Amino acid sequence: MTGPSRRARAEGGRPHKVSVQFSDLEMALVTTASVRSDMAPGAWLGEVGVRAAETVPGPASQWGPTMQSLMQLRAELMEHRRVLRNVGGNLNDVARHANADGELHEATGRVQDLVGRVVERIERTVGEVDELAKDARRERLRTRS
């Protein structure tokens, strides 16, 4: 006997993870629905979530490639913000250690490197957003003519 099925593999994998919390009733509803579909609850949530996002009625379903790219870059910036918040916590730890004994913690260099990498990614992403915004303006001007 096999267990519930998993989602089909995605090209490039699925590097993004979302954590969701449910009440007992909500979890029972999700579990029941996933069992009906012969899927694990996480796989079922992923499938129905993506399907719902793809079928949003109205203008969202008609977004062109420029807007889709902007949405993807926005998600990247949100991930960078999350990382920077974590780095902020690390910096607080470094400062607390330095204030306690007057010496920099050994992790200081790693934190600095991480900040540098994240800032580079943010600068690159913001540059891409700027270019896409220019493309969107040009597209809008073309459609007005």
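**Exercise 1.** In this predicted model, is D38 buried, partly exposed or exposed, judged by its relative accessibility?

*Solution.* Begin with the location: D38 lies in the loop that runs between α1 (24–36) and α2 (41–54). Next, take the relative accessibility of D38, which is 47%, and set it against the cut-offs, where buried means under 20% and exposed means over 50%, with partly exposed in between. D38 therefore counts as partly exposed. As a last step, consider the backbone, where D38 shows a positive phi of about 55° although this residue is not a glycine.

**Exercise 2.** Find the residue that forms a salt bridge with R82, and describe how the two are placed in their helix.

*Solution.* The structure holds four salt bridges, and in one of them the side chain of R82 meets that of E79, with an N to O distance of 2.6 Å. Both residues belong to helix α3 (residues 65–101), where they are three residues apart, so about one helical turn separates them. Turning to accessibility, R82 is partly exposed at 41%, and E79 is likewise partly exposed at 32%.

**Exercise 3.** Work out which salt bridges K134 and D135 form in helix α4.

*Solution.* Take K134 to begin with: its partner is E131, and the closest N and O atoms of this pair are 3.4 Å apart. K134 and E131 are three residues apart in helix α4 (residues 108–144), which means a separation of about one helical turn. Then take D135, whose side chain meets that of R138 at 2.4 Å, N to O; these two are also three residues apart in helix α4. For accessibility, D135 is partly exposed at 28%, and R138 counts as partly exposed at 43%.

Technical notes: Residues are numbered from 1 along each chain as its sequence is written. This is a predicted model: local features need pLDDT of at least 70, side-chain atom pairs count only at pLDDT 80 or more; totals for chains, interfaces and linings use all residues. Side-chain values use heavy atoms; hydrogens and water are left out. Helices (H or I, at least four residues) and strands (E, at least two) are DSSP runs, numbered from the N terminus. Buried means under 20% relative accessible area, exposed over 50%, partly exposed in between (1.4 Å probe, protein chains only).
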